[in-house]
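Open the model in your viewer and colour it by secondary structure. The tour below moves from one selection to the next.

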Amino acid sequence: MDRFGLLGYPIGHSLSPRLFEAAYGGEYYYDLIEESSFEDAFRRFLDGPYRAVNVTAPFKHEAAGAALLPSAEVKKLGAANILLKSPEGLRAFNSDYLGIRLWLEGMREYHSVAVIGGGGAGKAALLAASDSGFETRLYHHDEIAKGVSADIIIFTLPRLSPGCDRLCCDILFEANYRDPVLKNHRGYVRGEIWLLAQAETGYRLMTGKNPDCDAMKRIIL
């Protein structure tokens, strides 16, 4: 039986085991591979019975460098959160990018996307929006004091910054689902939607099978 898991440290709080179990009805094992060093976690993955793993903080950059066959988005972002064993070698993907790109497929009536926050999630969102054909601009936390205007704003900061009361958009997508700060904004889309899109695209790559999205929704939403 194929086995899957999550690399990171610490990861005891992760929703991933519950999501993966819901996605495939308990068909596969999904382990937490928790080590303080990437080298130890990576070795457990390579030597173990794992077909693929998710990767979370603080190992996403090291995961990108460890793969023989990084995807196009991983090459551009320098970060990976999926590692997949294949006959050709170890492959790497970024489901932050893939998830937001999937969500943007349903936003074709809009034209411009502003991404606020230049961390890993922000860079992935910016690349996804650009590759999807939107007009894009990236704002760091100290660049929004006078406000931001776009059809869609993707907010990836962990907390409020001066100017957050002057965000003008039809859709505001907040990445932070654990402690959201803008949920009363008009056109608000909660971060769990991104998490669901990440799981849908990422799990499909890992297993080669479509996950049960309705079951995952019952966990997330």
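**Stop 1: Asparagine 94**

This is a predicted model. Start with the side chain of asparagine 94: one of its polar atoms lies 3.1 Å from the backbone oxygen of alanine 79. Asparagine 94 sits in the loop between strand 6 and helix 5. Is asparagine 94 buried or exposed? Its relative accessibility is 2%, so asparagine 94 counts as buried.

Now show what surrounds asparagine 94. Leaving out residues up to four places away in sequence, asparagine 94 touches Ser71, Glu73, Val74, Leu77, Ala79, Ala80, Asn81 and Ala124. Keep Ala124 in mind. Ala124 is one of the buried residues of helix 6, a later stop.

**Stop 2: the mixed sheet**

Select strands 1 to 6. These 6 strands form an open sheet with mixed pairing, in the order 2-1-3-5-6-4. Strand 2 (29–34) and strand 4 (69–70) are the edges; each has a single partner strand, so one side of each lacks a neighbour in the sheet.

Zoom in on strand 1 (3–8) and strand 3 (50–55). They run parallel and are joined over 5 bridges. For a reference point, take glycine 5, which stands opposite valine 53 in strand 3.

Add two helices. Helix 2 (38–47) lies across strand 1, strand 2, strand 3 and strand 5, at about 150 degrees to strand 3. Helix 7 lies across strand 1, strand 3, strand 5 and strand 6, at about 160 degrees to strand 3.

**Stop 3: Proline 87**

Go to the loop between strand 5 (82–84) and strand 6 (91–93); proline 87 is there. Proline 87 has 84% relative accessibility and therefore counts as exposed.

**Stop 4: the parallel sheet**

Select strands 7, 8, 10, 12 and 13. They make an open sheet of 5 strands, ordered 8-7-10-12-13, with parallel pairing. Its edges are strand 8 (135–139) and strand 13 (188–189), each pairing on one side only.

Walk through two of the pairs. Strand 7 and strand 8 are parallel over 5 bridges, and alanine 114 has arginine 137 of strand 8 as its bridge partner. Strand 10 (152–155) and strand 12 (171–174) are parallel over 4 bridges. There, isoleucine 152 is bridged to isoleucine 171 in strand 12.

**Stop 5: Strand 7 and serine 112**

Isolate strand 7 (112–116). How many of the 5 residues of strand 7 are buried? The count is 5 of the 5, so strand 7 is largely enclosed by the rest of the structure. Ser112, Ala114 and Ile116 point one way, Val113 and Val115 the other way, and all are buried.

Pick serine 112, in strand 7. Its relative accessible area is 16%; the cut-off for buried is under 20%. The serine 112 side chain reaches the backbone nitrogen of aspartate 151 at 2.9 Å. Beyond its neighbours within four places in sequence, serine 112 contacts Phe134, Glu135, Ala150, Asp151 and Ile152.

**Stop 6: Helix 6**

Bring in helix 6 (120–131). Helix 6 lies across strand 7, strand 8 and strand 10, at about 165 degrees to strand 8. Check its length. With 12 residues at 1.5 Å a residue, helix 6 should span 16 Å; its end C-alpha atoms are 17 Å apart, which agrees.

Which residues of helix 6 are buried? They are Gly122, Ala124, Ala125, Leu127, Ala128 and Ala129. The elements covering them include helix 4 (72–77), helix 5 (95–104) and helix 7 (192–207), along with strand 7, strand 8 and strand 10. Helix 7 is the helix already seen across strand 3.

Step just past the end of helix 6. Glycine 133 takes a positive phi there, about 95 degrees.

**Stop 7: Cysteine 169**

Finish at cysteine 169. At 3% relative accessibility, cysteine 169 counts as buried. Why is there no bond from its sulfur to cysteine 168? Cysteine 168 holds the closest cysteine sulfur, and the separation of 6.9 Å is too far for a bond. The structure holds 0 disulfides.

Last, draw a distance back to the third stop. The C-alpha atoms of proline 87 and cysteine 169 are 46 Å apart, with their positions 82 residues apart along the chain.

Conventions. Residues numbered from 1 in each chain as written. Predicted model: local features only at pLDDT ≥ 70, side-chain atom pairs only at ≥ 80, totals over all residues. Heavy atoms only, no water. Pairing = 2+ DSSP bridges. Contact = heavy atoms within 4.5 Å. Axes fitted to C-alpha atoms, helices over the stretch in contact; angles between N-to-C directions. Expected span 1.5 Å × (residues − 1). Buried < 20%, exposed > 50% of the residue type's maximum accessible area, 1.4 Å probe, protein only. Disulfide = S-S within 2.5 Å. Polar contact = N/O pair within 3.5 Å; in protein donor to acceptor, adjacent residues only side chain to side chain.
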